Amino acid sequence: MPQEQNKGLQPKKITILGATGTIGQNTLDLIERNPSHFQVVALTGNQNIPQLVYQAKKFKAQFVATADADKYQDLKEGLAGCDIQCGAGKEAVLEAASMQTDICMAAIVGVAGLEPTLHAIKACKTLALANKECLVSAGKLFMQSVKELNTVLIPVDSEHCGAYQCLAAEQPENIQKLTLTASGGPFRNLSEQELQYVTKAQALKHPNWEMGAKITIDSATLMNKGLELIEAKYLFALEVDQLDMVIHPQSIIHCLVSLKDGSVLAQMSEPDMRVPISYSLGWPQRLQTPVAPVDLADMGQLTFEKPDMERFSCLALANHTLYNTQRLGPILNAANEIAVEAFLTDKISFTAIVEIIEQVMEKMESHLANFNPMELNDILQIDERARYLALEMLKLRV
Ligand code: NDP
Ligand code: MG
């Protein structure tokens, strides 16, 4: 594996939250390729203890935590004889997130990552943010904390990382519109009727990206793009009418920034998450990755289509949420997490995912009337209530 030297600079201390997931593993792949640039401080995981133990030993982490309190003995035994501290349960993950570092990669999936990432904002200089659910559920609180603590926030989600790069040299008043691209997922060309019969195995086969199960299903329903529009609204402080999306099946262009003079800036790369991850790890420098720059002549064609909100109605729900993200974001996110999990455990069909989310949103929206949660406890209570209702809806179906 070719290794790049760090030319006399101190290695950056790094913690990875969600190290055992696909983003976590890709992050460690880049660290392995650039060993003199990084020093791993802490790693966290949840169920996959063998992977966590392997990573901890290989990268000589100081501290390792699993979120699952029942897995403490497994982790302890796996690390026996090594000089690596470990812990299990929520407090242990928060301890890992609170270790002082140069970079924290926030890559836990779901709202489970919210509190650890809020702790990381206080402890690291640069937050590499993959976990989009943090922003969907608690974007205002999250961005306020980033601002107050002067933490550098680099988005890892490929579209947002691309937008961050395109926007770097632009004044806010020059920006007309940000367009996120979406591959359209594996069911882009299916009819409403056909969507009712798609299987879990089909939904888990994303045409372009290798990702964890939850985001892969979100990509198949197109909820992922809805979540990403909300993510973009918070990250770049844009108005709803400045946000757009377009289907681009090849996933080469990740975002388009339209400027007032008629220019459109785009960021391109092969669909390999190591490109945006490396940007966040290397910032403000660039790291060497094994990914070759795109060769347009070789590709021949890049295509674009308008999204179909009727067939992919998760997009319509997310669009509705965009107008009231602070109130509806935590509901949309929690109901989606429960519905996707139910699909992944064969409890509901693919098309039932959006039905459950819609029912939960309908039930909760009127009750919350003018309540815009800002405190973490209020957000977590709304999250809990939406999960409870989604589970109730599930019971009615089986
Ligand atoms: P994975 O499912 O592959 O990994 C999730 C990670 O979170 C694992 O380390 C897992 O541990 C850990 N985890 C799961 N549940 C909990 C919990 N309750 N508490 C603490 N840790 C937990 O997901 P991805 O790596 O694909 O995605 C991570 C985040 O990044 C998501 O928010 C996703 O939307 C976002 N993202 C991912 C992209 C991708 O290409 N994968 C692209 C853009 C954004 P374990 O495996 O040990 O159980
Ligand atoms: Mg994305």
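In this predicted model, ligand 1 lies between domain 1 (12–131) and domain 2 (166–270 + 295–396), because both domains give residues to the shell around it. That shell is made up of 24 residues, and the closest of them are Thr20, Thr22, Asn46, Gln47 and Glu133. When the shell is divided by residue character, 11 of its members are nonpolar, 10 are polar and three are charged. Two helices, H1 (22–33) and H6 (132–148), each supply at least two residues of this shell.

Several polar contacts to oxygen atoms of ligand 1 can be described individually. The side chain of Glu133 places an N or O atom 2.7 Å from an oxygen atom of the ligand, whereas Asn48 contributes through its backbone, with an N or O atom lying 2.9 Å from an oxygen atom of ligand 1. A backbone N or O atom of Gly212 is likewise found 2.9 Å from a ligand oxygen. Taken alone, ligand 1 exposes 900 Å², and the protein buries 85% of that area.

A magnesium ion, ligand 2, is bound by three protein donors, namely Asp157 (OD), Glu159 (OE) and Glu228 (OE), which lie 2.1 to 2.2 Å from the ion. Along the sequence, these donor residues follow the spacing D-x1-E-x68-E. Asp157 has a relative accessible area of 8%, and because this value is under 20% the residue is classed as buried. Glu159, with a relative accessible area of 6%, is buried as well.

Attention may now be turned to the backbone. Most residues other than glycine have a negative phi, and most peptide bonds are trans. The peptide bond from Trp283 to Pro284, however, is cis, with omega near 5 degrees, and Pro284 is placed in the loop between helix H12 (274–282) and helix H13 (296–299).

Positive phi values are found at Ala237, where phi is near 50 degrees in a residue other than glycine, and at Ser251, where phi is also near 50 degrees. Ala237 belongs to the loop between helix H11 (223–236) and strand E9 (243–247), while Ser251 is located in the loop between E9 and strand E10 (253–259). The surroundings of these two residues can be set side by side: Ala237 has a relative accessible area of 66% and is therefore exposed, since this value is over 50%, whereas Ser251, with a relative accessible area of 4%, is buried.

Technical notes:
Residues are numbered from 1 along each chain as its sequence is written. Chains are lettered from A and ligands numbered from 1 in the order in which they are written. This is a predicted model: local features need pLDDT of at least 70, side-chain atom pairs count only at pLDDT 80 or more; totals for chains, interfaces and linings use all residues. Side-chain values use heavy atoms; hydrogens and water are left out. A residue is near a molecule or strand if one of its heavy atoms lies within 4 Å of it. A polar contact is a pair of N or O atoms within 3.5 Å; within protein, one must be able to donate a hydrogen and the other to accept it, and residues adjacent in sequence count only if both atoms are side-chain atoms. Accessible areas come from the Shrake-Rupley method with a 1.4 Å probe; for residues, only the protein chains shown count as cover. Helices (H or I, at least four residues) and strands (E, at least two) are DSSP runs, numbered from the N terminus. Ala, Val, Leu, Ile, Met, Phe, Trp, Tyr, Cys and Pro count as nonpolar, Asp, Glu, Lys and Arg as charged, and the others, Gly among them, as polar. Domain bounds come from an automatic or database domain assignment. Donors are N, O and S atoms within 2.8 Å of the metal (3.2 Å for Na, K and Ca); water is not among the atoms, so sites may look incomplete. Buried means under 20% relative accessible area, exposed over 50%, partly exposed in between (1.4 Å probe, protein chains only).
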